[in-house]
Amino acid sequence: MTRKLRETPSQTAGPYVHIGLAPGAAGFDIYDQELGWDIAGANAKGERIRVEGRVMDGTGNPVKDVLLEVWQANADGQYAHPESGAVEDGFRGWGRVITDFETGAWGFDTIKPGPVAGRNGAVQAPHLNLWIVARGINLGLHTRMYFSDEVAANAADPVINLVEWESRRQTLIAKRAEEDGQVVYRFDIRLQGSDETIFFDI
């Protein structure tokens, strides 16, 4: 007798990425405190900011089942890592958000990081490290978000200067604005197309 094997889910990040990695946002009340929502903590010094955006496909439509992870340094340019130095009590420097199922929008509150020491004494401009997974993405995508009001630091940053064309570098720059007295940086991520966001092979 021959047994027929049932079809299994595709080996990409979806459609179960929300359930497995951010169950509360997907409507599943599993944990008392969901992992990854508090990035900076109450004791972090520095400028409080909000980061918002959308992830869009090659046609400009929002992708609505995306998970983003963010890593960042504190206002002194220190990561929450034993080899990086002391950080404020409660500063994790890591977070996880998902896009809204209806609009595709995502956002989080944190503090603006400071310049970070890089290799060979080079100083990296303030930035956020982002990792993106979604249905149809076999491997997570790595990118960075720089700040539009850090013009001089961005111009000297050793990583952003690896991007040959100035127009392509702009896909890594978040635009600063103020909304209802709060500093907001807008950062849309484009997965394909002529204005595709720069992704790093790391």
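Two strands are said to pair if DSSP finds at least two bridges between them. With that in hand, this predicted model can be approached through its paired strands. S9 and strand S10 (residues 182-186) meet this description, pairing in the antiparallel sense over five bridges. Across the pair, Arg 176 has Tyr 185 in S10 as its bridge partner. The hairpin formed by S9 and S10 has two residues between the strands, and there Asp 180 takes a positive phi near 55°. Strand S9 (residues 173-179) is also joined to S8 by two bridges, and these two strands run parallel. Here Tyr 146 stands opposite Ile 173 in S9.

Strand S8 leads on to the largest pocket, to whose lining S8 gives the most, with three residues. Strand S7 (127-134) and strand S8 (141-147) each supply at least two residues of that lining. The volume of this pocket is about 270 Å³. Around it stand Trp 71, Asn 129, Leu 130, His 142, Thr 143, Arg 144, Val 159, Leu 162, Phe 200 and Ile 202. Sorted by class, the lining has six nonpolar, three polar and one charged residues.

What does the nonpolar interior look like? The largest nonpolar core has 24 residues, and those with the most contacts inside it are Trp 106, Phe 108, Met 145 and Ile 189. At least two residues of this core come from each of strand S1 (48-56), strand S2 (66-72), strand S4 (105-111), S7, S8 and S10. Of the contributors, S7 gives the most to the core, with four residues. A closer view of Phe 108 shows contacts with Ile 39, Ile 49, Arg 50, Val 51, Val 70, Val 97 and Leu 128, leaving aside its neighbours within four places in sequence. Apart from this core lies another, of eight residues, among them Ala 125, Val 163, Leu 172 and Ile 173. Ile 173 is thus a familiar name, being the residue in S9 that Tyr 146 stands opposite.

A last stop is the loop between S2 and strand S3 (94-98), where Glu 88 is found. Is Glu 88 buried or exposed? Buried means under 20% relative accessible area, so Glu 88, at 13% relative accessibility, counts as buried. Not counting residues up to four places away in sequence, Glu 88 touches Asn 43, Ala 44, Lys 45 and Asn 74. One of these, Ala 44, is 44 residues from Glu 88 along the chain, yet their C-alpha atoms are separated by 5.8 Å.

Terms used: Residues are numbered from 1 along each chain as its sequence is written. This is a predicted model: local features need pLDDT of at least 70, side-chain atom pairs count only at pLDDT 80 or more; totals for chains, interfaces and linings use all residues. Side-chain values use heavy atoms; hydrogens and water are left out. On a 1 Å grid over the protein atoms alone, a cavity is a set of points where a 1.4 Å probe fits but cannot get out, and a pocket is an open set with protein on both sides within 12 Å along at least five of seven lines; lining residues have an atom within 4 Å of a point. Grid points are joined across faces, edges and corners, and a volume is the space filled by probe spheres set on the points. Ala, Val, Leu, Ile, Met, Phe, Trp, Tyr, Cys and Pro count as nonpolar, Asp, Glu, Lys and Arg as charged, and the others, Gly among them, as polar. A nonpolar core is a set of buried Ala, Val, Leu, Ile, Met, Phe, Trp, Tyr and Cys residues joined through side-chain atoms within 4.5 Å. Buried means under 20% relative accessible area, exposed over 50%, partly exposed in between (1.4 Å probe, protein chains only). Contact means heavy atoms within 4.5 Å.
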